[in-house]
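Reader: I would like to learn how to read metal sites. Please take me through a case.
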Amino acid sequence: RVKTMGKNNYLFFDESMTNSMREKARVENILREALETDGFTLHYQPQVAVKTGKLTGFEALLRLKDFSVPPGIFISVAEEIGLILEIGRWVTRAVIRQVAAWQEQELPVMPVSINFSALQLNDTDYVDFLKRELYQMNVPPRLIMIEITESIFLDNREETLRFLHQLKNLGVTISIDDFGTGYSSLSYLTEVPADLVKLDKSLIDRYLEKNSQAVIDSMIALIHSLNLEVLAEGVEEKEQFRRLASCGCDYIQGYLFSKPLPPEDAVNLFHQNFTSLFKEA
Ligand code: C2E
Ligand code: MG
Ligand code: MG
Ligand code: MG
């Protein structure tokens, strides 16, 4: 076989396959160990209201405490090996505990967003689990937002809608994450009981280019016409922020304000007003 395929091709193919399998096995071990040894932590990235310059919430983003693998990689491995269900529950529980802790410190109540993988639809008791956790920790459901991506609709339209209506009935809010990266038509936006649409960073990166701005501005108008609010993700520059603000974007999340922070640092933002940044901008 080596001979017929050509030596170099075969070796290259073989080695890269083995490496990626070995890499996946390595990440799998790290994830299983993290679940057993309290090896995960959450970082919180602030979301700011454009109109007031005030903090309005956080997105919870999963980290390995030792930072050995970035989320972009370990989340997809967790999805491939089915561990995302257990990890998703860990994240949900940890967020609710954090919100409860902030409530007890009598800090202002801040909603926190949780990323929800399409594969977690297989966790059929998730909504009951969420409800129990909220009840146990005495956290009002409106303080939790669930982020889904539009790709969840591709294979599971009915199932997804049923899930989202269950969340709504519970009083949890819903956002559409990474908007503008998928291929689905905009029409699904009229069906989903969502509250917020998050424009993906890849759109925002191109925002200042000549023709992109018109496209994004009309996306914002369209989203507003469906009575949904808009958040821009990955805003790094004042100029992006300034123009987004002038075309009515409701919320901003990005390094311009802050990177995701460990909870003890995120707490310092509770009383911070970002308006000074707005004026400079
Ligand atoms: P996402 O949900 O779209 O989260 C936003 C990502 O953009 C985060 O990356 C955040 O750190 C990054 N980001 C925010 N503002 C800026 C900016 O101004 N510049 C740049 N360069 N990046 C910015 P992160 O934390 O690495 O997470 C990557 C992805 O991993 C997330 O994308 C989400 O899809 C997934 N993920 C993270 N935590 C969880 C989780 O708990 N559950 C699930 N299912 N997925 C998660
Ligand atoms: Mg997200
Ligand atoms: Mg996103
Ligand atoms: Mg994403």
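Reader: Which residues coordinate the magnesium ion (ligand 2)?

Author: Keep in mind that this is a predicted model. To read a site, list the donor atoms and their distances. Here Glu59 (OE), Asn115 (OD1), Glu147 (OE) and Asp177 (OD) coordinate the magnesium ion (ligand 2), at 2.0 to 2.2 Å.

Reader: How are the donors of ligand 2 spaced along the chain?

Author: Look at the gaps in sequence next. For the magnesium ion (ligand 2) the pattern is E-x55-N-x31-E-x29-D. One pair links distant parts of the chain: Asn115 belongs to strand S3 (residues 112-115) and Glu147 to strand S4 (residues 144-149), 32 residues apart.

Reader: Are Asn115 and Glu147 buried or exposed?

Author: Asn115 is partly exposed, at 31% relative accessible area. Glu147 is buried, at 1%.

Reader: Which residue bridges the two magnesium ions, ligand 2 and ligand 3?

Author: Check whether a residue serves two metals. Asp177 bridges these ions, which lie 4.0 Å apart.

Reader: What are the protein donors of ligand 3?

Author: The magnesium ion (ligand 3) has Asp177 (OD), Asp178 (OD) and Glu233, the last listed with OE twice, at 2.0 to 2.6 Å. Their sequence spacing is D-D-x54-E. Asp178 sits in strand S5 (residues 173-179) and Glu233 in strand S7 (residues 229-233), so this pair ties together parts 55 residues apart in sequence.

Reader: What is the relative accessible area of Asp178 and of Glu233?

Author: Asp178 has 26% and is partly exposed. Glu233 has 10% and is buried.

Definitions and conventions:
Residues are numbered from 1 along each chain as its sequence is written. Chains are lettered from A and ligands numbered from 1 in the order in which they are written. This is a predicted model: local features need pLDDT of at least 70, side-chain atom pairs count only at pLDDT 80 or more; totals for chains, interfaces and linings use all residues. Side-chain values use heavy atoms; hydrogens and water are left out. Donors are N, O and S atoms within 2.8 Å of the metal (3.2 Å for Na, K and Ca); water is not among the atoms, so sites may look incomplete. Helices (H or I, at least four residues) and strands (E, at least two) are DSSP runs, numbered from the N terminus. Buried means under 20% relative accessible area, exposed over 50%, partly exposed in between (1.4 Å probe, protein chains only).
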